[in-house]
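Here's a relaxed walk through a structure you may not have met before. Take a look at the sequence and the model, then read on.

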Amino acid sequence: MADGQPVTILCISSEFKGTDFLHSARQEGCRILLLTEEKHKDKPWPREAIDEIFLMPDLARYDDVTYAVSYLARSRVIDRIVALDDYDVRLAADLREHMRIPGLGSSTARYFRDKLSMRLKAQEAGLAVPEFVHVLNYDRLNGYMQQVPPPWVLKPRFEAGAVGIKKAHSADEVWHWVNELGDKQSFFLLERFVPGDVYHVDAIVSEKEIVFMQANKYGRPPLSVSHQGGVFISRKLPDEAAETKTLHALNRQFLTSTGIVRGITHTEYILGEDGRFYFLETAARVGGANLADMIFFASGVNLWTEWARLEAASARGEQYQLPPVRHDYAGILICLARQEWPDMSGYQDPEVVWRIDKAYHAGLVVASPDQARVEQLLQSYSERFAHDFLTVGPTKEAKRVA
Ligand SMILES: Nc1ncnc2c1ncn2[C@@H]1O[C@H](COP(=O)(O)OP(=O)(O)O)[C@@H](O)[C@H]1O
Ligand SMILES: [Mg+2]
């Protein structure tokens, strides 16, 4: 920092991820402390980039983590705290508040973790949001179901990856699930199911300014891929498309309203049958499922790397500089595979720029300056993936490694 000491970043991760962040923070000259769970102790963390690793049995036990981190801080000056996984965003924000460390505080973090809070914010900012109700007051819940036609989705406020989302077609069905949830019901919301394509906009925010945005469109909606199986697809939208411009404007409107100062964001929208984009959800982190790789091959911007540079620059009181952005196109395909190590050697077009390295998964990124070429490859590869690799219900092994 200003006194010549290196910037010390405490990275918190309840998953094994963020390798690029750790490398890049080290390249920036930061000292890295990693706090993760005991079950991830033997994962291939980039040890050369990490100064100290701390293990705890359960990062969901906030009090214990607060004691442990405060204990560490007796002999170390922690300048920044970074949550590498979505589940750690709230914990990191609480720790920052507790230790008075700059960065996303608890009230702003809430807009990026709590699906109820983010909806209220998006609505207040003037975005269209599927009609929703908090599962709290029964009169209001009944009133909502009388007013808003089904289907609806019953959705946990704090989960990710389509976990725990249920589609309901009648009030009876909703009551059945709500009763089953018992004391957990207030951690859910109910909202109108809006059929349509799902989009995501990934952004870099530096000192309240949105310095990078990329608008992208998923293949089949993530819910249907995660519940029914299939090939997960996403790709960058054409720069000049009207959809891109609308999404950029909406995303700017939303992010500005949250007051986020710096970081990486991943925000999702549904294009309704009425032609309007509906706010779906947002996150203060790099998007999952290797979307960062797709974004990198389209733009030359590695969101993990830039995140580390952003944090390091701010801790040193310097101005963050976005690297030059390329305006190419890229798309990603990933599916659960029948084979433990699927043979993807048949996919040899020169546009293949990245291959997944994960048991029971097939996946690649294609990139080209020509958007039509990316579309064409996604189309033909998704058909070939379905034939060569795709398994519908996850196998026991696949589930274990997912
Ligand atoms: N209101 C909705 N209408 C239609 N589909 C929805 C709705 N809410 C969620 N989904 C589907 O469920 C998926 C996951 O929901 P989302 O709110 O993004 O939570 P998660 O954090 O689990 O990704 C979405 O990508 C979409 O396919
Ligand atoms: Mg989502």
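Before we start, one working rule: two residues count as in contact if their C-beta atoms, placed from the backbone, lie within 7 Å. Keep in mind, too, that this is a predicted model.

Let's begin with helix 1. Among the things covering its buried residues are strand 1 (8–13), strand 2 (31–37) and helix 11 (303–315). And which residues of helix 1 are buried? Within residues 19–27, they are Asp20, Phe21, Leu22, Ser24 and Ala25. Just past the end of helix 1 you'll meet Gly29, whose phi is positive, at about 85 degrees.

Now zoom out to the domains. The protein chain splits into three of them, listed here.

| Domain | Residues |
|---|---|
| Domain 1 | residues 8–102 |
| Domain 2 | residues 131–192 |
| Domain 3 | residues 198–401 |

Taken over C-alpha atoms, the centres of domain 1 and domain 2 sit 34 Å apart.

Next up is the ligand. Ligand 1 has 20 residues around it, and the closest are Ala160, Val194, Pro221, Pro222 and Leu223. Where does this shell come from? Domain 2 and domain 3 each give at least three residues to the shell around ligand 1. Looking at individual elements, strand 8 (188–192), helix 8 (222–228), strand 12 (263–271) and strand 13 (277–283) each chip in with at least two. Sorted by class, the shell around ligand 1 holds 14 nonpolar residues, five charged ones and one polar one.

Between strand 12 and strand 13 there's a loop, and Gly272 is found in that loop. Is Gly272 buried or partly exposed? Gly272 is partly exposed, because 16 other C-beta atoms lie within 10 Å, while a residue needs 20 or more to be buried. Setting aside neighbours within four places in sequence, Gly272 is in contact with Val194, Gly196 and Tyr278. Val194 should ring a bell, as one of the closest residues to ligand 1. Arg326, by comparison, is 54 residues from Gly272 in sequence and 31 Å from Gly272 in space, C-alpha to C-alpha.

Last stop: a pair of helices. Helix 4 (residues 106–113) packs against helix 5 (residues 115–124) at an angle of about 95 degrees, and their axes are 6 Å apart. That angle is why helix 4 counts as roughly perpendicular to helix 5. On the helix 4 side the contact is made by Arg110, Tyr111 and Phe112, and on the helix 5 side by Ser117, Met118 and Lys121. By class, this contact of helix 4 with helix 5 has three nonpolar, two charged and one polar residue.

Methods:
Residues numbered from 1 in each chain as written. Chains lettered and ligands numbered in written order. Predicted model: local features only at pLDDT ≥ 70, side-chain atom pairs only at ≥ 80, totals over all residues. Near = placed C-beta within 6 Å. Helix = DSSP H or I, 4+ residues; strand = E, 2+ residues; numbered from the N terminus. Nonpolar A, V, L, I, M, F, W, Y, C, P; charged D, E, K, R; others polar. Domains from an automatic or database assignment. Buried ≥ 20, exposed ≤ 12 C-beta atoms within 10 Å, placed from the backbone. Axes fitted to C-alpha atoms, helices over the stretch in contact; angles between N-to-C directions. Parallel < 35°, antiparallel > 145°, perpendicular 65-115°, else oblique.
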